[in-house]
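Q: Got a minute to go through this one with me? Let me pull it up.
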Amino acid sequence: MLIETPAGFEYTGADCEGWMKEAGFGETRVERRAGPNSTVIGIR
């Protein structure tokens with residue numbers, strides 16, 4: 001999506017974890033992937 005939009009921007013893993021905790025997720029973590037990518041995982 002970032003590549004396809006001129007005004008695209010990124011969120012940090014910490015941003016996503018914060019939103020997930022606010023939404024009621026009890027456990028969150030960021031897992032690094034190959035290159036600059038990562039996955040944010042939340043367990044409710």
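Q: Let's start with Y11: where does it fall between buried and exposed?
A: Y11 counts as partly exposed, because its relative accessibility is 47%. Buried means under 20% relative accessible area, exposed over 50%, and partly exposed in between, with a 1.4 Å probe and protein chains only.

Q: And what am I looking at, source-wise?
A: It's a predicted model, where local features need pLDDT of at least 70, side-chain atom pairs count only at pLDDT 80 or more, and totals for chains, interfaces and linings use all residues. Residues are numbered from 1 along each chain as its sequence is written, and side-chain values use heavy atoms, leaving out hydrogens and water.

Q: How many aromatic pairs are there?
A: One. The ring centres of Y11 and W19 are 4.8 Å apart and the planes sit at 80°, so this is an edge-to-face pair. For Phe, Tyr and Trp (its six-membered ring), pairing needs centres within 6.5 Å; planes under 30 degrees apart are stacked, over 60 edge-to-face, the rest tilted.

Q: And W19, buried or exposed?
A: In between: W19 has 42% relative accessibility, so it counts as partly exposed.

Q: Switching topic, what sits over the ring of F25?
A: The charged end of R44, 5.1 Å from the ring centre. The cut-offs are NZ of Lys or CZ of Arg within 6 Å of the centre and within 35 degrees of the ring normal.

Q: Last one: which side chain does T28 contact?
A: That of E17, through a polar contact of 3.1 Å (a pair of N or O atoms within 3.5 Å; within protein, one must be able to donate a hydrogen and the other to accept it, and residues adjacent in sequence count only if both atoms are side-chain atoms). T28 is buried, with a relative accessible area of 12%.
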